[in-house]
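Biologist: Before I rely on any label attached to this model, I would like to hear the reasoning behind it. Could we take the labels one at a time, setting each value against its cut-off?

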Amino acid sequence: YVDKDFGTGVLKISPGHDHNDYLLARKIGLPILNVMNKLATLNDVDGLFCGLDWFKAREKLWADLEETGLAVKKEPHTLRVPRSQRGGEVIEPLVSKQWFIHMEPLAEKALLAVEEKNLPLYLRGSRRYTITG
């Protein structure tokens with residue numbers, strides 16, 4: 001969670017984009033704001049940064065802070081964020097609706113079709129083929 005020996009001592013909570021922050025927000029009643037859309041660009045919650053890729057928005061925010069004299073200092077820092085195993089990209093958690101399917105009835109029908117060797121197979125076009133034993 002929070003490393004007390006690092007940073008300014010200010011706690012930032014991003015309930016829509018961090019699992020631990022989400023749990024904390026639910027516990028203390030904070031709203032869950034989502035600031036990103038599914039294409040990893042910022043949405044209308046982000047005002048001036050709306051439509052920007054999240055990384056470009058970070059660069060613009062820093063430039064704006066420097067331009068207005070609000071930036072204090074810049075230090076190299078390795079982010080501790082989850083990354084994709086395949087490509088190494090940063091994974092941004094996103095609160096979204098999820099749905100689940102009760103698989104048992106579907107599995108029963110699929111197993112029966114395999115056991116009876118009655119497997120419809122659809123290839124290109126509208127012809128239907130059936131694999132039989």
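Modeller: Let us begin with Ala 40, which has a relative accessible area of 26% and is therefore called partly exposed, since that class runs between the buried limit of under 20% and the exposed limit of over 50%. Please keep in mind throughout that this is a predicted model.

Biologist: What makes the phi of Ala 40 worth a remark, and where does the residue lie?

Modeller: Ala 40 lies in the loop between H1 and H2, and its phi is near 65°, a positive value in a residue other than glycine. Most residues other than glycine have a negative phi, so a positive one is noted. Lys 117 is likewise not a glycine and has a positive phi of about 55°; this residue is found in the loop between helix H3 (104-115) and strand E1 (119-122).

Biologist: Why is Lys 117 called exposed?

Modeller: Its relative accessible area is 51%, and exposed means over 50%, so Lys 117 falls in the exposed class.

Biologist: How do you know that Lys 60 and Asp 64 form a salt bridge?

Modeller: The closest N and O atoms of the two residues are 3.2 Å apart, and the rule asks for a side-chain nitrogen of Lys or Arg within 4 Å of a carboxyl oxygen of Asp or Glu, so the pair qualifies. Lys 60 and Asp 64 are four residues apart in helix H2 (residues 54-67), which means that about one helical turn separates them. An α-helix has 3.6 residues a turn, so residues three or four places apart point the same way. Lys 60, at 33% relative accessibility, counts as partly exposed, and Asp 64, at 23%, is partly exposed as well.

Biologist: How many salt bridges does a search of the whole structure find?

Modeller: The search finds two. Glu 75 forms one with Lys 73, where the closest N and O atoms are 2.9 Å apart, and both Glu 75 and Lys 73 are exposed.

Biologist: Why is Asp 21 called buried, and what does it touch?

Modeller: Asp 21 has a relative accessibility of 12%, and buried means under 20%, so the label follows. Asp 21 sits in helix H1 and, not counting residues up to four places away in sequence, touches Lys 12, Ile 13, Ser 14 and Pro 15. At the N-terminal end of helix H1 (residues 19-28), Asp 18 acts as a cap, with a side-chain oxygen 3.0 Å from the backbone nitrogen of Asn 20, while just after H1 Gly 29 takes a positive phi of about 85°.

Biologist: What makes Trp 54 and Phe 55 an edge-to-face pair?

Modeller: The count comes to one aromatic pair. In that pair, the rings of Trp 54 and Phe 55 lie 5.7 Å apart centre to centre, with 90° between the planes; the limits are 6.5 Å for pairing and over 60 degrees for edge-to-face, so both conditions are met. Phe 55 is partly exposed, with a relative accessible area of 40%.

Biologist: Which residues make up the largest nonpolar core?

Modeller: There are five: Met 36, Leu 42, Phe 49, Trp 54 and Ala 57. Leaving aside neighbours within four places in sequence, Ala 57 is in contact with Leu 42, Phe 49 and Leu 52. Across the protein chain, buried residues make up 11% of the 133 residues.

How values were computed. Residues numbered from 1 in each chain as written. Predicted model: local features only at pLDDT ≥ 70, side-chain atom pairs only at ≥ 80, totals over all residues. Heavy atoms only, no water. Core = buried A, V, L, I, M, F, W, Y, C linked by side-chain atoms within 4.5 Å. Buried < 20%, exposed > 50% of the residue type's maximum accessible area, 1.4 Å probe, protein only. Contact = heavy atoms within 4.5 Å. Helix = DSSP H or I, 4+ residues; strand = E, 2+ residues; numbered from the N terminus. Polar contact = N/O pair within 3.5 Å; in protein donor to acceptor, adjacent residues only side chain to side chain. Phe/Tyr/Trp six-rings, centres within 6.5 Å; stacked < 30°, edge-to-face > 60°.
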